[in-house]
Amino acid sequence: MNQPQDRIEGTPLIKPSTTDHPLYDQVVEACRTVFDPEIPVNIHDLGLIYTIEISDENEVEILMSLTAPGCPVAGEMPGWVADAVEPLAGVKSVNVGMTFEPPWGMEMMSDEARLELGFM
């Protein structure tokens, strides 16, 4: 695992998603059906979904985080995301990974999420 000091300058902290894949928008919408039980905003708009990678074979890799490492649903949340995405037509497989690098911050929330939570 690369340490922060090993990073190449200019490399994004969060790997970009494959936004040009035909399934991307459907995967995002599926992620928007998953909510953190403590926050009335979906996990995509909260900024907890860092990367959605979809291979040419329609294998979906999702890298996500949590608002805090000690989140009570930490063990369950990746399964909820996989359960939301797997039934989509065309999806071959789903793998949801968890990371805390970079740590989640409120600046990762969408404007809609900030408005919903009263931060705007």
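**View 1. G105, a buried glycine in a loop.** With a relative accessibility of 11%, G105 falls under the 20% cut-off, so it counts as buried. This is a predicted model, so take the view in that spirit. G105 sits in the loop that links β3 to α3 (111-116). Have a look at T67 too: 38 residues separate it from G105 along the chain, yet their C-alpha atoms are 7.4 Å apart.

**View 2. The three-stranded sheet.** Here we have an open sheet with strand order β1-β2-β3 and mixed pairing. β1 and β3 are the edge strands, each with a single partner, so one side of each has no neighbour in the sheet. On average, neighbouring strands are turned by 15 degrees against each other, ignoring direction. So what does "mixed" look like, pair by pair? β1 and β2 are antiparallel, with 5 bridges between them, while β2 and β3 run parallel and share 6 bridges. To pick out individual partners, find E53 bridged to E61 of β2, and V60 bridged to V94 of β3.

**View 3. The β1-β2 hairpin.** Zoom in on the connection between β1 and β2, where 4 residues lie between the strands. Which residue of this hairpin has a positive phi? That would be N58, with phi near 65 degrees.

**View 4. I52 in its strand.** I52 belongs to β1, a strand with 5 of its 6 residues buried, so the rest of the structure largely encloses it. I52 itself has a relative accessibility of just 1%, so it counts as buried. Leaving out residues up to four places away in sequence, what does I52 touch? Its contacts include S17 and T18, then Y24, V27, V28 and C31, and also V60, E61 and I62. For scale, S65 is 13 residues from I52 in sequence, and their C-alpha atoms are 12 Å apart.

**View 5. Helix α1 against the sheet.** α1 packs on the sheet, where it touches β1 and β2, and its direction makes about 145 degrees with that of β1. The buried residues of α1 are Y24, V27, V28, A30 and C31. Looking down the helix axis, these buried residues fall within an arc of 160 degrees, so they line one face of α1. They pack against β1, β2 and also α2. Zoom in on V27 and you'll find I52, I54, V60, I62, V85 and L88 among its contacts, again skipping residues up to four places away in sequence.

**View 6. Helix α2 and its cover.** α2 spans residues 77-85, and M77, P78, V81, A82, A84 and V85 are buried in it. Do the same trick down the axis of α2: its buried residues keep within an arc of 160 degrees, so they line one face of the helix. What covers them? The cover includes α1 (24-31), β2 (59-64) and β3 (93-98).

**View 7. The largest nonpolar core.** Now pull the pieces together: the largest nonpolar core has 34 residues. Which of them have the most contacts inside the core? V27, I52, V60, I62, V81 and V85 do. As for where the core comes from, α1, β1 (49-54), β2, α2 and β3 each supply at least two of its residues. As a general rule, nonpolar side chains in soluble globular proteins tend to be buried together.

How values were computed: Residues are numbered from 1 along each chain as its sequence is written. This is a predicted model: local features need pLDDT of at least 70, side-chain atom pairs count only at pLDDT 80 or more; totals for chains, interfaces and linings use all residues. Side-chain values use heavy atoms; hydrogens and water are left out. Buried means under 20% relative accessible area, exposed over 50%, partly exposed in between (1.4 Å probe, protein chains only). The arc is that of the directions from the helix axis to the C-beta atoms. Contact means heavy atoms within 4.5 Å. A nonpolar core is a set of buried Ala, Val, Leu, Ile, Met, Phe, Trp, Tyr and Cys residues joined through side-chain atoms within 4.5 Å. Two strands pair if DSSP finds at least two bridges between them. Axes are lines fitted to C-alpha atoms, for helices over the stretch in contact, and angles run from 0 to 180 degrees between N-to-C directions.
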